[in-house]
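Trainee: I'd like a close look at one part of this model. Please take one helix and work outward from there.

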Amino acid sequence: MINVEQYRDIWLSEKFDEFIGFYNREFFCLDNFSSFGIDYNGIYYQTIEHAYQSLKFKDVAPKVEKQIIECHSAYDAQKIAHENIEKQVKNWDDIKLDVMEKLVRAKLEQHPYVKKKLLETKNNLICEDSPKDSFWGIGPNRDGRNELGKLWMKLRDELNNK
């Protein structure tokens, strides 16, 4: 059993026998806000969040894209993107899962430490236990889609099957 103290509440230990959360704890390196920069399509991004948010504006709002790439924090990248949502790529909802998978793959390939931590999760459920995001994480009611956790588990399975 994984140490319950890592969780933001007891519910997580009661709901899952073997649960790996990565929202500001030992496995935070799996989070998009963690400080693991990536090179993607010839551009260096400070975090996955910078890359993800800036790609919403690729070829449609280059000034916003540049502002996000150059901002100082993942939080600022997200904030700028939200402030300019009307300018983003029109089909973003159709492509965002594919974009995120490519970014997560790049992070995994470029950072041996992230790979090491991912493999340490063994076969446990990986979950972005953000209290805010019900698409990429489990959200405030813990019934979100957990798409980011699913991507990490997919990549972990691929590593284990090599």
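Trainee: Which residue caps the N-terminal end of helix 2, and from which backbone nitrogen does its side-chain oxygen lie 3.2 Å?

Mentor: The model is predicted: local features need pLDDT of at least 70, side-chain atom pairs count only at pLDDT 80 or more, and totals for chains, interfaces and linings use all residues. Residues are numbered from 1 along each chain as its sequence is written, and side-chain values use heavy atoms, without hydrogens or water.

The cap is T47, with a side-chain oxygen 3.2 Å from the backbone nitrogen of E49. A polar contact is a pair of N or O atoms within 3.5 Å; within protein, one must be able to donate a hydrogen and the other to accept it, and residues adjacent in sequence count only if both atoms are side-chain atoms. Helices (H or I, at least four residues) and strands (E, at least two) are DSSP runs, numbered from the N terminus.

Helix 2 spans residues 48–55, and 8 of its 8 residues are buried. Buried means under 20% relative accessible area (1.4 Å probe, protein chains only). Polar and charged names are on that list, including E49, H50 and Q53. The cover includes strand 2 (38–40), strand 3 (43–45), helix 3 (62–70), helix 4 (74–83) and helix 5 (92–110).

Take helix 3 next. E65 is found there. E65 counts as buried because its relative accessibility is 9%. Beyond four places in sequence, E65 touches S54, F57, K58 and D59; contact means heavy atoms within 4.5 Å.

Now the nonpolar side. A nonpolar core joins buried Ala, Val, Leu, Ile, Met, Phe, Trp, Tyr and Cys residues through side-chain atoms within 4.5 Å. The largest has 30 residues; L30, I38, M100, L103, L118 and W152 touch the most other members. Helix 2 is one of the elements that give two or more residues to this core. Helix 5 supplies the largest share, 7 residues. M100 is in contact with I48 and Y52, among others, leaving aside neighbours within four places in sequence. A second, separate core has 8 residues, including A61, V64, I68 and A81.

Last, the largest pocket. About 590 Å³ of space lies in it. Its lining has 26 residues, with F33, E49, Q53, Q78 and D133 nearest the centre. Helix 2, helix 4 and helix 5 each give two or more residues to that lining. Helix 5 gives the most, 4 residues.

Conventions: Buried means under 20% relative accessible area, exposed over 50%, partly exposed in between (1.4 Å probe, protein chains only). On a 1 Å grid over the protein atoms alone, a cavity is a set of points where a 1.4 Å probe fits but cannot get out, and a pocket is an open set with protein on both sides within 12 Å along at least five of seven lines; lining residues have an atom within 4 Å of a point. Grid points are joined across faces, edges and corners, and a volume is the space filled by probe spheres set on the points.
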